[in-house]
Amino acid sequence: MISTSLFSCQKNGSDFQPKPNILFVFADDQRAGTIRHLGNSEILTPNLDKLAQEGSSFSNAYIMGSYSGAVCQPSRAMLLSGKYLNNLHKKGAVLPENHVLIGECLENAGYNTYGIGKYHNDPASFARCFDNGQDIYFGGMYDQWNVPLHHYESISDFKKFNRPVLKNYRQSNELTYAQGDYVYSGQHSTDIFTKGAINYIKNYDNENPFFLYVALMTPHDPRSTHQEYFDLYDTANISLPPNFMPQHPFDNGELNVRDEKIASFPRTPQEIKEHIRDYYALISHNDRKLGEIIKALKDKNLYDNTIIIYSGDNGLAVGQHGLMGKQNLYEHSTNVPLLISGKGIPKNQEVNSLCYLTDLYPTLCEMLEIPVPESVDGESFLSALQFGYEHREYLITAYRQFQRAIRNDRYKLIEYRVKGKDNQQLFDLKNDPWELVDLSEAPELQDTKALLQKNLKSGLEELNDQQWNKTKRSK
């Protein structure tokens, strides 16, 4: 068991316990189920395995979804602000000043805050969230080897820049040119961000603790990395997921978005295996660099007083259910890895309690005995981490105006409203974790379905979900 006093600055006689440093590494598009120690025997993740062994892993951590196709933008906004999806401003593109960001909160508590890597929200909010930063990429995706980057010391550094955008977003993977302060041509983004993090740690000489936020751009496509990581995997030895399908069985409202066009229709086993190989290769690259950052902490004698958190902004289908992207509410797209390690945190523990990634912000506040800002919607899961208590009875997730889902500790209901037609899927996640058997018409589960529908309706009303309420239903 842990005590919150382990995470706070206290004096007891001659004993002094400083607040811990915080290292947060945020992967882009890495779903749950992509860590060897947690059950995937085909992926190579030795450093994530060790992090899970030395800390706690959450098997049921979820994002809340998105009201736009760019799922990672609201996900990152929710992480940084602690706001629920329905309370984001401009779908997460802009984080207004009345949303107190996690960096602001920690800075007010004496932390030095530093941001590196992808920032998919507005530059002004980055300047509020972090004291300083480097190698910052403003945008959703880009060529991993030629990323336009920005340095930050003051908001004036961000006065002139062009966001990278997709040309014909729904039709093409082609990127327009983006202006940055500098480009490390021929260097991979993950290597650049790792080097920046290591230099920050090596040169840190402040008596105050730090919050180091390292936001990677991988394993998001375009999936390119060093050949050595591709060489770790033989496509012939990669298994197709049990829920592989050549195509999705019905129109879910988002079958033609850009993410779905990175593989051919119908999906073929060989092409999907190649995509999985590339996906795993980039995760192994992330894993290697995570290990290098952790080594820098140890070399600086900071490891024992640092909370290390690793997570992902959303998942990805990569052939499951006939889909490639994250624009859906299946487990592969909403369930994300969440590992937390540090002094006092239970080791080699798997936490099964349901939680949102949004809940991480207030959890850190409770750990550190920092007041949670009134603007934060999330709820601390510290008691689940400490004692395994249930955190949430159910979770609600949303995608745009035509998909909503609810799950409890066993069952999950997804409702669709597409082109005036209603559709439902009900899954028993205990016996069918791959969501293959639709039980929505099973006579013995009609009471279960009715209760989920009732809770979904009341939950959406509580969240004031205007998009769903306005969606045309079938008569």
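These exercises, each with a worked solution, explore a predicted model of a protein.

## Exercise 1: Overall form

State how many helices and strands the protein has, and decide how its compactness compares with that of a globular protein of its length.

**Solution.**
Step 1. Count the elements. The protein has 12 helices and 20 strands.
Step 2. Take the radius of gyration, which is 22 Å. For 475 residues, the globule rule gives 23 Å.
Step 3. Compare. The two values are close, so the protein is as compact as a globular protein of that length.
Step 4. Add the outer dimensions. Along the principal axes, the C-alpha atoms fill a box of roughly 70 × 50 × 45 Å.
Step 5. Add burial. Of the 475 residues, 60% are buried.

## Exercise 2: An open sheet

Find the strand order in the open sheet of 5 strands, and explain why S6 and S20 each have a side without a neighbour.

**Solution.**
Step 1. Write the order. It is S6-S17-S18-S19-S20, and the pairing is mixed.
Step 2. Look at the ends. Strand S6 (65–66) and S20 stand at the edges. Each has a single partner strand, so one side of each lacks a neighbour in the sheet.
Step 3. Go through the pairs. S17 (residues 395–399) and S18 run antiparallel, joined by 5 bridges. Here Thr 397 stands opposite Ala 405.
Step 4. Move on to S18 and S19. These strands also pair in the antiparallel sense, over 5 bridges. Gln 403 stands opposite Tyr 416 in S19.
Step 5. Finish with S19 and S20. They run antiparallel and are joined by 8 bridges. Arg 417 has Asp 422 in S20 as its bridge partner.

## Exercise 3: Strand S18 and its hairpins

Describe the turns on either side of S18, and decide whether the strand is enclosed or open to the outside.

**Solution.**
Step 1. Take the hairpin of S17 and S18. It has 3 residues between the strands. Arg 400 takes a positive phi near 45 degrees in this hairpin.
Step 2. Take the hairpin of S18 and S19. Here too, 3 residues lie between the strands.
Step 3. Check burial. In S18, 5 of the 5 residues are buried, so the strand is largely enclosed by the rest of the structure.
Step 4. Sort the residues by direction. Gln 403, Ala 405 and Arg 407 point one way, while Arg 404 and Ile 406 point the other way. Residues on both sides are buried.

## Exercise 4: Salt bridges

Compare three salt-bridge pairs, Glu 260 with Arg 267, Lys 412 with Glu 331, and Arg 410 with Asp 428, by burial.

**Solution.**
Step 1. Set the scene. A search of the whole structure finds 23 salt bridges.
Step 2. Start with Glu 260 and Arg 267. Their side chains meet at 2.7 Å, N to O. Glu 260 has a relative accessible area of 2%, and Arg 267 has 3%. Buried means under 20%, so both residues qualify.
Step 3. Turn to Lys 412 and Glu 331. Their closest N and O atoms are 2.9 Å apart. Lys 412 lies in strand S19 (residues 411–418) and Glu 331 in helix H8 (residues 331–334), so the pair ties together parts 81 residues apart in sequence. Both residues are buried.
Step 4. Turn to Arg 410 and Asp 428. The closest N and O atoms are 3.0 Å apart. Arg 410 sits in the loop between S18 and S19, and Asp 428 in S20, 18 residues apart.
Step 5. Check burial in this pair. Arg 410 is partly exposed at 27%, whereas Asp 428 is buried at 8%.
Step 6. Note a network as well. Salt bridges link Asp 29, Asp 221, Arg 258, Asp 259 and Lys 326.

## Exercise 5: The largest pocket

Give the volume of the largest pocket, then work out what lines it.

**Solution.**
Step 1. State the volume, about 980 Å³.
Step 2. Find the lining. There are 39 lining residues, and those closest to the centre are Ala 32, Gly 33, Asn 335, Pro 433 and Trp 434.
Step 3. Name the elements. Those giving two or more residues include strand S4 (55–58), helix H7 (269–299) and strand S14 (338–341).
Step 4. Sort by class. The lining has 17 nonpolar, 13 polar and 9 charged residues.
Step 5. Follow S4 to its partners. S4 and S14 pair in the antiparallel sense over 3 bridges, and Ser 57 has Leu 339 as its bridge partner in S14. S4 runs parallel to S15 (residues 349–351), with 3 bridges joining them. There, Phe 58 is partnered by Val 351.

Note on methods:
Residues are numbered from 1 along each chain as its sequence is written. This is a predicted model: local features need pLDDT of at least 70, side-chain atom pairs count only at pLDDT 80 or more; totals for chains, interfaces and linings use all residues. Side-chain values use heavy atoms; hydrogens and water are left out. A salt bridge is a side-chain nitrogen of Lys or Arg within 4 Å of a carboxyl oxygen of Asp or Glu. Buried means under 20% relative accessible area, exposed over 50%, partly exposed in between (1.4 Å probe, protein chains only). Helices (H or I, at least four residues) and strands (E, at least two) are DSSP runs, numbered from the N terminus. On a 1 Å grid over the protein atoms alone, a cavity is a set of points where a 1.4 Å probe fits but cannot get out, and a pocket is an open set with protein on both sides within 12 Å along at least five of seven lines; lining residues have an atom within 4 Å of a point. Grid points are joined across faces, edges and corners, and a volume is the space filled by probe spheres set on the points. Ala, Val, Leu, Ile, Met, Phe, Trp, Tyr, Cys and Pro count as nonpolar, Asp, Glu, Lys and Arg as charged, and the others, Gly among them, as polar. Two strands pair if DSSP finds at least two bridges between them. The radius of gyration is taken over C-alpha atoms; the globule rule is 2.2 Å times the number of residues to the power 0.38.
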